[in-house]
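Hi,

Here is the structure I promised to pass on. Have a look at it first, then read my notes underneath.

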Amino acid sequence: MVKRDARALSPEALEELRRRAVAAVESGSSQAQVAHLLGVSRKTVGAWVRAYRRGGESALRPRPRGRRPGDQLALTPAQQAAMINAIVAGAPDRYGLAHRLWNRQALADLVHREHRVLLTPGTAGQYLARWGLVDETYLKTMKQAQVTAIVPRRSRPLGDDQEWIPGADVLWLAWTRPHAPGPESTRRNLMMGFRNYFGDVHVLQVISTRGVVFFLARVGQFTPMQVEGFVDVLLAQFGSPLNLVVCRWPPHSGEILRSRPARHAGKVSVRSIAD
């Protein structure tokens, strides 16, 4: 007799099959005979019988099945795609949120408003990492253990007006593209699908000495004006001068860092540090 996969049965059919198997064994049939008659393995029949003898009738009722990989995620694939599209399309205040830059809380707020799903900031951060938009591990590594006093000795100024500003907030700055975690083959396949679906996405992101990440994403490279606007928002966000330590930046866009607008004089210092 061809063996059947009991896992493919409906809950009602599975319960009935278990009852028939247990009743037959309890009436004197061997587990091997019952398994052959019902088209299941002897091991399966034995497990059903042991469960019945330990737990009685209730043990024959099917338990709720565990969720398949991906089912445990709070957001469906369609909802995740919608959130990525929203992030790439503009800053969070575009959607009426009380944030001018994206971060964990901004994503959680948008998800709740659009999909009525509550995400903790930690879960929101996991989604951002899953999507490859924010690489917090890399940024935290480059943050040099939050010891800001050693940064000038390990970095080089970009231009004559880039003196280190004593007492200013320190932010580690990176211009990246979506980078998926995991094995190389998985990253390559995921990123190929990401770029085919969402386009050539670029991300500007910073991490503070307290570990807070802010970022913006867009399709296509950032222009000098967009980078300057990003820094303007950071100045307003922190309410004080900034020492920006560049830890990753496209070589062909280095001039953007060296030519700072006059309004940033004395307010922004930009230095580069090797990966």
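Start with helix 3, where Val45, Gly46, Trp48, Val49 and Ala51 are buried. These buried residues pack against helix 1 and against helix 2, which covers 31–38. Keep in mind as you go that this is a predicted model.

Helix 3 has 14 residues, and from its first C-alpha to its last it reaches 20 Å, close to the 20 Å expected at 1.5 Å a residue. Right after helix 3 comes Gly56, with a positive phi near 75°.

Helix 3 also takes part in a salt bridge. The side chain of Arg53 meets that of Glu26, at 2.8 Å from N to O. This pair links distant parts of the chain: Arg53 sits in helix 3 (residues 42–55) and Glu26 in helix 1 (residues 11–26), with the two positions 27 residues apart. Are these two side chains buried or exposed? Arg53 has a relative accessible area of 55%, and because anything over 50% is called exposed, that is its label. Glu26 comes out at 43%, so it is partly exposed.

How many salt bridges does a search of the whole structure find? The count is six. As a reminder of the general idea, side chains of opposite charge can pair when their charged atoms come close.

Another of the salt bridges joins Glu114 to Arg113, with the closest N and O atoms 3.0 Å apart. Both residues are in the partly exposed class: Glu114 has a relative accessible area of 43%, and Arg113 is at 35%. Glu114 belongs to helix 5 (residues 104–115). If you want to see what lies across from it in space, try Met83: the two are 31 residues apart in sequence, while their C-alpha atoms are 9.1 Å apart.

Next, go to Arg263 and Glu228, whose side chains meet in a salt bridge at 3.6 Å, N to O. Here too the pair links distant parts of the chain, as Arg263 is in the loop between helix 11 (254–258) and strand 6 (268–272), whereas Glu228 is in helix 10 (residues 224–238), and the two are 35 residues apart. Arg263 is partly exposed at 43% relative accessibility. Glu228 has a relative accessible area of 18%, and since buried means under 20%, Glu228 counts as buried. Asp232 belongs to this group as well: Glu228, Asp232 and Arg263 are linked in a network of salt bridges.

Now for the sheet. Which order do its strands follow? Six strands form an open sheet, running 1-6-5-2-3-4, and the pairing is mixed. At the edges are strand 1 (156–157) and strand 4 (213–219), each of which pairs on one side only. Strand 1 pairs with strand 6 in the antiparallel sense, over two bridges. To find that pairing on your screen, look for Arg156, which stands opposite Ser272 in strand 6.

A helix lies against this sheet too. Helix 4 (residues 77–89) packs on it, touching strand 3 (201–208) and strand 4, and the direction of helix 4 makes about 90° with that of strand 4.

That's what I have for now. Shout if anything is unclear.

Cheers

Note on methods
Residues numbered from 1 in each chain as written. Predicted model: local features only at pLDDT ≥ 70, side-chain atom pairs only at ≥ 80, totals over all residues. Heavy atoms only, no water. Salt bridge = Lys/Arg side-chain N within 4 Å of Asp/Glu carboxyl O. Helix = DSSP H or I, 4+ residues; strand = E, 2+ residues; numbered from the N terminus. Buried < 20%, exposed > 50% of the residue type's maximum accessible area, 1.4 Å probe, protein only. Expected span 1.5 Å × (residues − 1). Contact = heavy atoms within 4.5 Å. Pairing = 2+ DSSP bridges. Axes fitted to C-alpha atoms, helices over the stretch in contact; angles between N-to-C directions.
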